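Please explain how the two chains of this model are built and how they come together. The account should begin with local detail and proceed to the whole assembly.

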Number of protein chains: 2
Amino acid sequence: MTTHQTGTIPDAEPLAAAADLGAALRELIEISVTTTVVPAELRAAAALVREATERLAVARRPASQLPALDDVVTGRRLFNPVTGIGSPLAPPVTVRRDTDGVVAEVTLGVAYEGPPSFVHGGMSALFMDQLLGSAAAAAGRWGMTAHLELDYRGPLPLETPLVMRARVAEHSGRKSLVTGTIAPAEDPDRILIEARGVFVMPRPEKVEAYFGAITDASGRHSPPRRPGDATPIDDQD
Amino acid sequence: MTTHQTGTIPDAEPLAAAADLGAALRELIEISVTTTVVPAELRAAAALVREATERLAVARRPASQLPALDDVVTGRRLFNPVTGIGSPLAPPVTVRRDTDGVVAEVTLGVAYEGPPSFVHGGMSALFMDQLLGSAAAAAGRWGMTAHLELDYRGPLPLETPLVMRARVAEHSGRKSLVTGTIAPAEDPDRILIEARGVFVMPRPEKVEAYFGAITDASGRHSPPRRPGDATPIDDQD
């Protein structure tokens with residue numbers, strides 16, 4: 001491990017291997033919900049999956065211990081279910097700073113389907129919660145979701161590039177009002193989802209109550225300084 | 001295939017094999033985000049995952065074609081990302097009718113984490129959207145999400161049984177106002193999430209515009225009669 005002024009940079013290989021497994025699982029998930037092979041082939045695939053599970057199950061961390069690759073200072077959360085490169089549930093979404101807030105592109109496969117050929121309405125809410133929280137964090141105002149509200153103007157198509165935006169509209173004390181949108185990337189003015197959220201930075205005693213038992217990978221007490229849903233921002237672009 | 005008055009009952013083995021693969025993948029996902037094995041073991045697991053992907057990738061359906069095991073009449077959606085027994089993204093949630101609406105229990109693992117040791121705020125929104133839609137469908141009022149709103153009273157703990165409820169509060173024409181809650185199963189009066197949603201049954205011309213290209217597994221034109229996010233209800237309980 002190398003210590004850097006903005007956090008800890010892990011060795012490249014553990015990060016690359018976790019990202020590789022995330023990518024492999026994401027691909028298998030999408031294939032598993034669209035395959036039309038015979039049941040015997042599904043069973044054979046399940047056997048391979050269980051073989052992989054056995055290899056990984058020999059050593060595990062509890063939920064109260066942060067992953068070794070996470071960094072609470074820079075907000076890197078490797079297994080965040082929207083942005084985490086190691087999360088099989090995440091597309092994953094890469095959130096970038098924009099002039100006025102944050103922006104991200106995403107293309108969602110059949111695994112995210114609600115009504116036939118469209119994104120599940122709840123998935124739009126999941127992605128907006130993450131993006132709104134990321135906008136708050138990018139503005140130095142991390143917080144936890146207190147209120148989330150979405151208007152659905154039309155269904156989001158699967159397998160189609162989408163653009164998501166969010167910005168802090170107002171803030172006062174520990175509270176931020178954040179707004180966001182989702183639109184087709186090819187027609188970004190055709191807003192299909194509009195979202196508003198209120199994110200609140202918990203008081204110190206709440207941080208202690210919520211996160212007092214959290215430890216880092218070495219077992220040290222490590223209450224996160226930015227415990228929001230909302231942390232990873234790619235500053236490389 | 002056997003035809004039943006409320007829909008088509010598939011042979012047991014294809015359904016069981018798809019559910020088995022879903023269960024195996026779900027377990028691997030949870031292990032993959034909590035394992036502490038060395039990178040070489042992650043790479044070995046990824047290789048097994050890619051072997052499984054290759055087996056399943058030989059025959060696939062497009063997004064416009066419903067899975068053979070789905071049933072648009074009874075609303076069985078095998079790969080729904082909240083309730084689908086075949087979906088690796090789904091816990092999966094089993095929604096049952098209750099006196100006044102619908103109810104479901106769920107325990108969420110680390111794969112669903114937002115802030116350390118708590119459920120991602122957007123996941124609460126995903127689950128509430130599904131449950132509210134299911135309540136509308138259970139009342140014979142299926143629809144697509146038009147508005148969704150959540151108040152977060154406190155963070156939802158991971159690895160803890162939760163109870164989710166939803167009921168149609170009001171309806172008028174094609175519109176239903178549905179409310180819902182999430183609470184710890186052991187302390188069901190301690191409501192941590194409150195949700196309200198408006199679900200709208202699309203007009204026939206919208207159904208045609210949205211779903212006109214959907215076919216069933218045999219390639220026949222098959223616009224869903226219940227295209228909501230929101231369909232599977234377990235009437236066995």
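In this predicted model, the hairpin formed by E6(B) and E7(B) has two residues between its strands, and Gly173(B) adopts a positive phi near 60° there. The two strands of the hairpin are antiparallel and are paired over 10 bridges. Within this pairing, Val163(B) lies opposite Ala183(B) of E7(B).

Strand E7(B), residues 175–184, is also joined to strand E8(B), residues 193–200, by eight bridges, again in the antiparallel sense. Two of the partnerships can be located by residue: Ile182(B) is bridged to Ile193(B) in E8(B), and Thr179(B) has Arg196(B) of E8(B) as its bridge partner.

These strands belong to a sheet that extends across both chains. In general, the strands of a sheet pair through backbone hydrogen bonds, in either a parallel or an antiparallel manner. Here the sheet is open, has 12 strands and is paired in the antiparallel sense; its order is E3(A)-E4(A)-E6(A)-E7(A)-E8(A)-E5(A)-E5(B)-E8(B)-E7(B)-E6(B)-E4(B)-E3(B). At its edges are strand E3 (96–98) of chain A and strand E3 (96–98) of chain B, each of which pairs on one side only. On average, neighbouring strands of the sheet are turned by 25° against each other, direction ignored.

Where do the two chains join within this sheet? Strand E5 of chain A, residues 144–152, is linked to E5(B) by five bridges, and the two strands run antiparallel. Across this junction, Leu148(A) faces Leu150(B) in E5(B).

Helices pack on the sheet and touch strands of both chains. Helix H3 of chain A, residues 121–138, lies across E3, E4, E5, E6, E7 and E8 of chain A together with E5 of chain B, and runs at about 130° to E7(A). Helix H3(B) likewise touches E5 of chain A together with E3, E4, E5, E6, E7 and E8 of chain B, and its direction makes about 130° with that of E7(B).

A further contact between the chains is helical. Helix H1 of chain A (residues 12–32) packs against helix H2 of chain B (residues 39–56) at an angle of about 20°, with the axes 9 Å apart. H1(A) and H2(B) are therefore roughly parallel to each other, and their crossing is left-handed. Among the residues that make the contact are Leu21(A), Leu25(A) and Leu28(A) of H1(A), and Leu42(B), Val49(B) and Leu56(B) of H2(B). By class, the residues of this contact comprise 15 nonpolar, two polar and five charged.

Taken as a whole, the contact between the chains involves 84 residues from chain B and 84 residues from chain A. On the chain B side, helices H1, H2, H3 and H4 and strand E5 each supply at least two residues. The largest share, 15 residues, comes from H2(B). The side of chain B that touches chain A has 51 nonpolar, 17 polar and 16 charged residues.

How are the two chains related in space? Chain B is superposed on chain A by a rotation of 180° with 0.0 Å of shift along the axis, at an RMSD of 0.0 Å. That is the relation of a two-fold axis. Glu149(B) comes closest to this axis among the residues of chain B, with its C-alpha at 2.1 Å. Of the interface residues of chain B, 100% are also interface residues in chain A, so the copies meet through the same surface.

Notes
Residues numbered from 1 in each chain as written. Chains lettered and ligands numbered in written order. Predicted model: local features only at pLDDT ≥ 70, side-chain atom pairs only at ≥ 80, totals over all residues. Least-squares fit on C-alpha atoms with pLDDT ≥ 70 in both. Contact = placed C-beta atoms within 7 Å. Axes fitted to C-alpha atoms, helices over the stretch in contact; angles between N-to-C directions. Helix = DSSP H or I, 4+ residues; strand = E, 2+ residues; numbered from the N terminus. Parallel < 35°, antiparallel > 145°, perpendicular 65-115°, else oblique. Left-handed = near helix turned anticlockwise from the far one by under 90°. Nonpolar A, V, L, I, M, F, W, Y, C, P; charged D, E, K, R; others polar. Pairing = 2+ DSSP bridges.
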